[in-house]
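Open the model in your viewer and keep the selection tool ready. This tour goes stop by stop, with something to select at each one.

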Amino acid sequence: MSLELNSIKVNPSGWGPVGKLEKFTDIPYAPFSKGDKIGKCSDWNSNVRNYQRQNYGSNAFNPFTFKLEDDEDSFTLVDYTRAQNKLKNKGKTYQKQFYQQNKRGGSTAGGRGGRGGMRGGRFGANNKYWNDRRQRNRESSIEIGSSWESKEEFDLSTFKQYTVEQLPEPETIGTYGKVKYYNKVYDRVNAKNEKKLQRAENSVPLIPTSDDKVIRSEYMNGNVYATDSILAVLMSAQKSVYSWDIVVQKVGARLFFELRPGTSEQLTVNENVTAHHQDDKDPINTTSSLSQEATQINLNYWQQVLSSNVEPFKFDNELPEGEEFENCVDVGYAYKKWDLGDDIIVLARTEIDGVVEGLPGQPPKFISIKAINEHDSNRFGIEFRKKLDSQRAAILATEIKNNSTKFAKWSIQSTLAGCEMLNLGFISRDSIRDNNNHVILGTQFYPVADLNKQNGVDMKNCWGILKHIAQTCMKLANGKYLLHRDPNRNVINLYAVPENAFDQIEEETQEEEEEEQSKGWVEESRE
């Protein structure tokens, strides 16, 4: 038998392999010194830190250097040893305290408990909203038609950049109607001397912009027509959270902004609260129910604080005759126009709520009258009954924060109407579960300019926003459009809608003279 030896390759110029070894291709080579200590590939018995420190290459970077991860460094085995006896009593004491706190409705992190589990503090055990960070899908004010064509999208985050160089000076075209004087008896109402809120029997007249007889007769004084409430919605759009929509009619070189037929101006409640707190499962505390409640409260308070024993203040002209004023409250209108430049002239109907006697030798002053109401002070703001007399400023600041959009609309409307003062009523439910009966806990007059400043309302910015929207709509073709505030995106969409969109079928036919008058002024405005 013969022994066969493999061929041995000699490297005459040095030591090591000769040629290329294909099986070691693409394997990184780490140079080392013959004096380095070579360790084991895997050693389960030694400490990892010592292994890394003692074996070769640990003090220099190379492809084979082992790196200890942070999470492995914190790894420990489960300790099954029993806890010391001294900790047993402490755990039982904590459990007992926790049970008693939950039974009262609170928790150790939320402060004192309350009856029925409703006053457990911000982090109470029964407060299911304390960590509610869900993205809520809000309802749209109208269902978008499949045939509607999107013409423009306004980014509300960019509205702060629009402004006018100078505030436009208002020019009064005419004043109509009459308003009552404020009853100073209500200045003495406080939380300890509350007064029952009476329900108003009459309603507020609802007159669309295009049907306003004064605007029809004075349309040559402007080319953009609206009401103060519609202008306030547009000017405060960047503060809005809930969805809304406004109809835009483009007729020649003129724009008509008006509410969609069949709708009315509704007040919102806690629109600007960051977290979702409305209880949609509670019928009286849903978003729509609270809105209707707040709207009715404002009407009731407005009519109750006016004096019926004093002769009302009459404006220069009487209101035009029409069915829209039947069974309605006394109201005063001031029609004004503002020149914004670049061929944008706004003609609007502004509303005056009441009047107060001026100083001796001075004329009466017109005022706006509004009301804020609480429905659940445990989750929103400060309880009116307990803190109104001592912390009225704090309550107002909290209400402005939670209802920034509503306060912005009120102060803008007051500014447009020329009212320097706003009378604010503080209303509360007679019972937390009764949304029909309310009490007046206090009243206060506030300068409109101060409310604008506190709420961050800049009238130059407001006029700049309106001008930007009007200029965009002026570029459109004649037709009907809809401005729609998206409920879940911070944008306003401008849609082109059919001419018969939103039209309501009227059972009663209008007289021929009114139809001809309407056609005449519209056709003349097209020229």
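Start with the whole chain. The protein has twelve helices and 15 strands. This is a predicted model. Of its 527 residues, 42% are buried. Look next at how the chain folds back on itself. Take the contacts between residues at least 6 apart in sequence: 72% of them join residues at least 24 apart.

**Stop 1: helix α5**

Select residues 228–235, which form helix α5. How many of the eight residues of this helix are buried? Eight of the eight are, so the helix is largely enclosed by the rest of the structure. Click through them in order: D228, S229, I230, L231, A232, V233, L234 and M235.

**Stop 2: S243**

Follow the chain on to S243. S243 sits in the loop between α5 and β5, where β5 covers residues 245–251. Is S243 buried or exposed? S243 has a relative accessible area of 16%, so it counts as buried.

Now show the side chain of S243. The S243 side chain reaches the backbone nitrogen of S141 at 3.0 Å. The side chain of S243 also makes a polar contact with the side chain of H484, at 3.3 Å. Add the surroundings: leaving out residues up to four places away in sequence, S243 touches E139, S140, S141, H484, R485 and P487.

**Stop 3: N493**

Keep H484 on screen and select N493. N493 lies in strand β15, residues 491–497. N493 is buried, with a relative accessible area of 5%. Which residues does N493 touch, not counting those up to four places away in sequence? They are E152, E153, L482, L483, H484 and D486. H484 is thus a contact of N493 and also a contact of S243.

**Stop 4: three salt bridges**

Side chains of opposite charge can pair when their charged atoms come close. The structure holds twelve salt bridges. Visit three of them.

Begin with E153, already on screen as a contact of N493. E153 forms a salt bridge with R489, and the closest N and O atoms are 3.4 Å apart. This pair links distant parts of the chain, 336 residues apart. R489 is in the loop between β14 (479–485) and β15, while E153 is in strand β1, residues 149–155. R489 is partly exposed, with a relative accessible area of 41%. E153 is partly exposed too, at 41% relative accessibility.

Next, select K337 and E171. Their salt bridge has its closest N and O atoms 3.8 Å apart. K337 is in strand β8 (residues 332–339) and E171 is in strand β2 (residues 171–179), so the pair ties together parts that are 166 residues apart in sequence. E171 counts as partly exposed, at 41% relative accessibility.

Then select R385 and E194. Their side chains meet in a salt bridge at 3.8 Å, N to O. R385 lies in helix α7 (residues 384–387) and E194 in the loop between β2 and β3 (195–196), so this pair ties together parts 191 residues apart in sequence. R385 counts as partly exposed at 32% relative accessibility, and E194 counts as partly exposed at 36%.

**Stop 5: T443**

Jump to strand β13, residues 434–447, and pick T443. T443 counts as buried, at 6% relative accessibility. Where does the side chain of T443 reach? It reaches the backbone oxygen of Y186, at 2.9 Å.

Turn to N423. T443 and N423 are 20 residues apart along the chain, and their C-alpha atoms are separated by 6.9 Å. Leaving aside neighbours within four places in sequence, T443 is in contact with Y182, Y186, D187, V189, Y301, R392, N423, L424, G425 and F426.

**Stop 6: a cavity**

Finish inside the protein. The structure holds two cavities of 30 Å³ or more. Go to the second largest, which holds about 60 Å³ of space. To outline this cavity, select I207, D211, D212, K213, V214, L319, P320, E324, F325, Y333 and Y335. Which elements give two or more residues to this lining? They are α4 (213–217) and β8. Strand β8 is also where K337 lies. Colour the lining of the second largest cavity by class: seven residues are nonpolar, four are charged and none is polar.

Key
Residues numbered from 1 in each chain as written. Predicted model: local features only at pLDDT ≥ 70, side-chain atom pairs only at ≥ 80, totals over all residues. Heavy atoms only, no water. Helix = DSSP H or I, 4+ residues; strand = E, 2+ residues; numbered from the N terminus. Buried < 20%, exposed > 50% of the residue type's maximum accessible area, 1.4 Å probe, protein only. Contact = heavy atoms within 4.5 Å. Polar contact = N/O pair within 3.5 Å; in protein donor to acceptor, adjacent residues only side chain to side chain. Salt bridge = Lys/Arg side-chain N within 4 Å of Asp/Glu carboxyl O. 1 Å grid on protein atoms, 1.4 Å probe; cavity = no way out; pocket = protein on both sides within 12 Å on 5 of 7 lines; lining within 4 Å. Points joined across faces, edges and corners; volume = space filled by probe spheres on them. Nonpolar A, V, L, I, M, F, W, Y, C, P; charged D, E, K, R; others polar.
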